[in-house]
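Ready for a few short exercises on reading a fold? Have a look at the structure below, try each task yourself, and then compare your steps with the worked solution.

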Amino acid sequence: MSLSREDAAEALRLVTQAGQRSATLRRYQGAAPHLILWGCVYAVAYTFGYFRPQQAWLAWAILVPAAAIGDALIARRDRGANSWRPFLAIFTLFVAFIVSTGAIMQPRDPAQMSAFIPLVVATVYVALGMAIGRRFVITGVALGALTLTGFFALHSIFMLWMGIVGGAALILGGFWLKRV
Amino acid sequence: MDAPDEVIHQSLRLRIMATLNALPKAEKMEFTRIRAILGASDGNLGAHLATLEGAGYVSVEKDFVARKPRTRIAITAKGRNAFARHVTYLRALLDDPPTSRVAE
């Protein structure tokens, strides 16, 4: 069996293409359950916050640590015993950033922080997507656009909007990431 | 390496190996997922996987999940080495094709 230079170039192109696609889809598959989990958190916490604005903090105080533990368990299941540590570090960094930002900006309207957090998340998805794959970019852009639409166009029902539409966007994004 | 790996070089087998080689060590991929990624038919993919398994390049594991049959495939250490050697051969062919070697 002898190969020409053209055969070799074509074979290497196939190798690169298949390898990159496999790696990208694996990353998508790994991220999918996290998106679905946080979509559920958004759906419950924002919707609860709409109907019971005074107790909204309670829903977040319970659901956010629970989801962080869920993230760690998913990471451990999918990637091995010590893989929860980066998740804990990222989560702690994110909470510290949000608390610090809130302390500095001191928003007057709860909707301001409720819009700011998903906008930060959306930005992170877009940035990640630039390195990992365009499905993250699209999910991030969709979440950001929905957040801005709800905040500026549907302010009176913003929390409900984020619960139903924002939560659904993340859940659907998660299922989309699972697909080949 | 003076010759290509004839088991790996066939187009679909090459793509199967590249797909599995992108996974971390010992990680398996379901048959249905490989089929979807590569856009291959059941029969074609099954036949080429059997060839790769016969060469010891992949391992095929069959079990049941919720009473449904599941087939998972992993690349073996032998398969990774053979794939790496084949890719090295291809790159060498591009960098230094046989005609230029003769001309020298």
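**Exercise 1. Which contacts hold the chain together?** Keep in mind that this is a predicted model. Find what share of the contacts in chain B between residues at least 6 apart in sequence join residues at least 24 apart.

*Solution.* Start with the cut-off: a contact here means heavy atoms within 4.5 Å. Next, take the chain B contacts between residues at least 6 apart in sequence; 57% of these join residues at least 24 apart.

**Exercise 2. Write out the fold.** Count the helices and strands of chain B, and give their sequence pattern.

*Solution.* First the count: chain B has six helices and three strands. Then walk along the sequence, which gives α-α-β-α-α-β-β-α-α.

**Exercise 3. Trace the sheet.** Work out the strand order of the sheet in chain B, and which strands are at its edges.

*Solution.* Step one: the three strands form an open sheet with antiparallel pairing, in the order E1-E3-E2 (chain B). Step two: strand E1 (29-30) and strand E2 (58-65) of chain B each pair on one side only, and are the edge strands. Step three: look at E1(B) beside strand E3 (residues 68-75) of chain B, where two bridges join the strands in the antiparallel sense. To locate this pairing, find B:Met29, which stands opposite B:Ile73 in E3(B).

**Exercise 4. Describe the chain as a whole.** Collect the extent, burial and charge of chain B.

*Solution.* The C-alpha trace of chain B spans about 65 × 25 × 20 Å along its principal axes. Of its 104 residues, 38% count as buried. For charge, chain B carries 16 positive and 12 negative side chains, with the centres of the two sets 10 Å apart.

Technical notes: Residues numbered from 1 in each chain as written. Chains lettered and ligands numbered in written order. Predicted model: local features only at pLDDT ≥ 70, side-chain atom pairs only at ≥ 80, totals over all residues. Heavy atoms only, no water. Helix = DSSP H or I, 4+ residues; strand = E, 2+ residues; numbered from the N terminus. Buried < 20%, exposed > 50% of the residue type's maximum accessible area, 1.4 Å probe, protein only. Lys, Arg positive; Asp, Glu negative; His and termini not counted. Charge placed at Lys NZ, Arg CZ, Asp CG, Glu CD. Pairing = 2+ DSSP bridges.
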